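Here are some short exercises on one structure. Try each task, then read the worked solution.

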There are 2 protein chains.
Amino acid sequence: MFSKSVKYALKAVLFLAVNSNDKKKVMVKDLAKPINVPQAYIAKVLQELSKQKIISSTRGPKGGVFLDEKNREQSLVSIIYAIEGEKKMTHCLLNLKKCNLAKPCPLHHLANPSREELIKTLKNKTINDLAMDIKSGRSFLPI
Amino acid sequence: MFSKSVKYALKAVLFLAVNSNDKKKVMVKDLAKPINVPQAYIAKVLQELSKQKIISSTRGPKGGVFLDEKNREQSLVSIIYAIEGEKKMTHCLLNLKKCNLAKPCPLHHLANPSREELIKTLKNKTINDLAMDIKSGRSFLPI
DNA sequence: GAATAAATATGATATACATCATATTTAAGA
DNA sequence: TCTTAAATATGATGTATATCATATTTATTC
Ligand code: FES
Ligand code: FES
């Protein structure tokens, strides 16, 4: 469903949501193991997220990556789009130029409602929302 | 969402559902262009579908690929699973060993219901169902 | 049964995605 | 200001997916 890069990105951001803040930065090497992802790979993904202001970071000794208050209020979909672009999620399921109701492909009526609902959900949910789920035991991180 | 191979497979099967039967076979080269897919590629995909009895075929002059009555009653999900396996659709969205309610990942509550619904829909819908949509103008093929 | 026309099997190449490795920049602290 | 520890930039390698090409098998028709 999602590419590996997106999954890794989501895991990393959620880890940061629970384990970091502007006073408590996390080094990439200390983040890779608990979320079960190759360090060099997640480093690259985090660089992209940082460039796009999805996460925050500072260099040098005592540096690291973290989420500030603004970062926490971003939607989940912003992470997905940051890594793999919007098109991959919104394209026609059978590769028409664009998905449209006027001349829908055979899968549109069937599958598009579920997909739209999913996207809406991912747009409305913030990183903080999911972090609260984790803290309250509704869902679990060691992933 | 789906891989290209799956999209191509779905397009090809739907084309056959509308344009073939056991009396009227279609040559691969006559199928590739209308569904806008490279011929050599779709040929390979069709071979796999044929091997798995999703479609029917005969060799030699007057041969071709087609859907018989049994083929038409198969679910859409069977096409997807034939090409890319079941796991890709049912795996945990964040790559846990397996998706389970007892210890759900942070995305489970959020995204899994939409996904389950989609899978259920694809299981219940047959190729024939979609072909009827096309014939009645509810959806469109030239894809 | 020989010639032909189709799918099928097999493998080669190209492109995208995932992973690894390393040199560069930046900030902290001595 | 020098050393050091961190992210960042860049690029190399590996692996899966997509695409192309061709030889083989099978059924039809004469
Ligand atoms: S037209 Fe294909 S999904 Fe909407
Ligand atoms: S546990 Fe991750 S989707 Fe169900």
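**Exercise 1: the surface near DNA strand D**

H3(A) gives the largest share of the surface near DNA strand D, four residues. The model is predicted: local features need pLDDT of at least 70, side-chain atom pairs count only at pLDDT 80 or more, and totals for chains, interfaces and linings use all residues. Residues are numbered from 1 along each chain as its sequence is written, chains are lettered from A and ligands numbered from 1 in the order in which they are written, and side-chain values use heavy atoms, with hydrogens and water left out.

Task: How many residues surround DNA strand D, and which elements supply at least two residues each?

Solution.
- Step 1. Apply the rule: a residue is near a strand if one of its heavy atoms lies within 4 Å of it.
- Step 2. Count. 26 residues surround DNA strand D. Among the closest are Met27(A), Lys44(A) and Tyr41(B).
- Step 3. List the elements. Helices (H or I, at least four residues) and strands (E, at least two) are DSSP runs, numbered from the N terminus. Chain A supplies at least two residues each from helix H2 (28-32), helix H3 (39-51) and strand E1 (56-58). Chain B does so from helix H1 (4-19) and helix H3 (39-51).
- Step 4. Sort by class. Ala, Val, Leu, Ile, Met, Phe, Trp, Tyr, Cys and Pro count as nonpolar, Asp, Glu, Lys and Arg as charged, and the others, Gly among them, as polar. The surface near DNA strand D has nine nonpolar, nine polar and eight charged residues.

**Exercise 2: polar contacts with DNA strand C**

Task: Which phosphate oxygen partner of DNA strand C lies 2.6 Å away?

Solution.
- Step 1. Recall the cut-off: a polar contact is a pair of N or O atoms within 3.5 Å; within protein, one must be able to donate a hydrogen and the other to accept it, and residues adjacent in sequence count only if both atoms are side-chain atoms.
- Step 2. Find the partner. A polar side-chain atom of Ser57(B) is 2.6 Å from a phosphate oxygen of DNA strand C.
- Step 3. Look at the sugar or linking oxygens. One is 3.3 Å from a side-chain N or O atom of Arg59(B). A polar backbone atom of Gly60(B) is 3.2 Å from a sugar or linking oxygen of DNA strand C.
- Step 4. Check the atoms within 4 Å of the protein. Of those in DNA strand C, 67% belong to sugar or phosphate and the rest to bases.

**Exercise 3: an aromatic pair**

Task: What is the geometry of the pair Tyr8(A) and Tyr41(A)?

Solution.
- Step 1. Know the rule. Rings of Phe, Tyr and Trp (its six-membered ring) pair if their centres lie within 6.5 Å; planes under 30 degrees apart count as stacked, over 60 as edge-to-face and the rest as tilted. The count over all chains is two aromatic pairs.
- Step 2. Read the values. The centres of Tyr8(A) and Tyr41(A) are 5.2 Å apart, with 75 degrees between the planes. The pair is edge-to-face.
- Step 3. Place the pair. Tyr8(A) lies in helix H1 of chain A and Tyr41(A) in helix H3 of chain A, so the pair ties together parts 33 residues apart in sequence.
- Step 4. Check burial (buried under 20% relative accessible area, exposed over 50%, partly exposed in between; 1.4 Å probe, protein chains only). Tyr8(A) is buried at 9%. Tyr41(A) is partly exposed at 31%.
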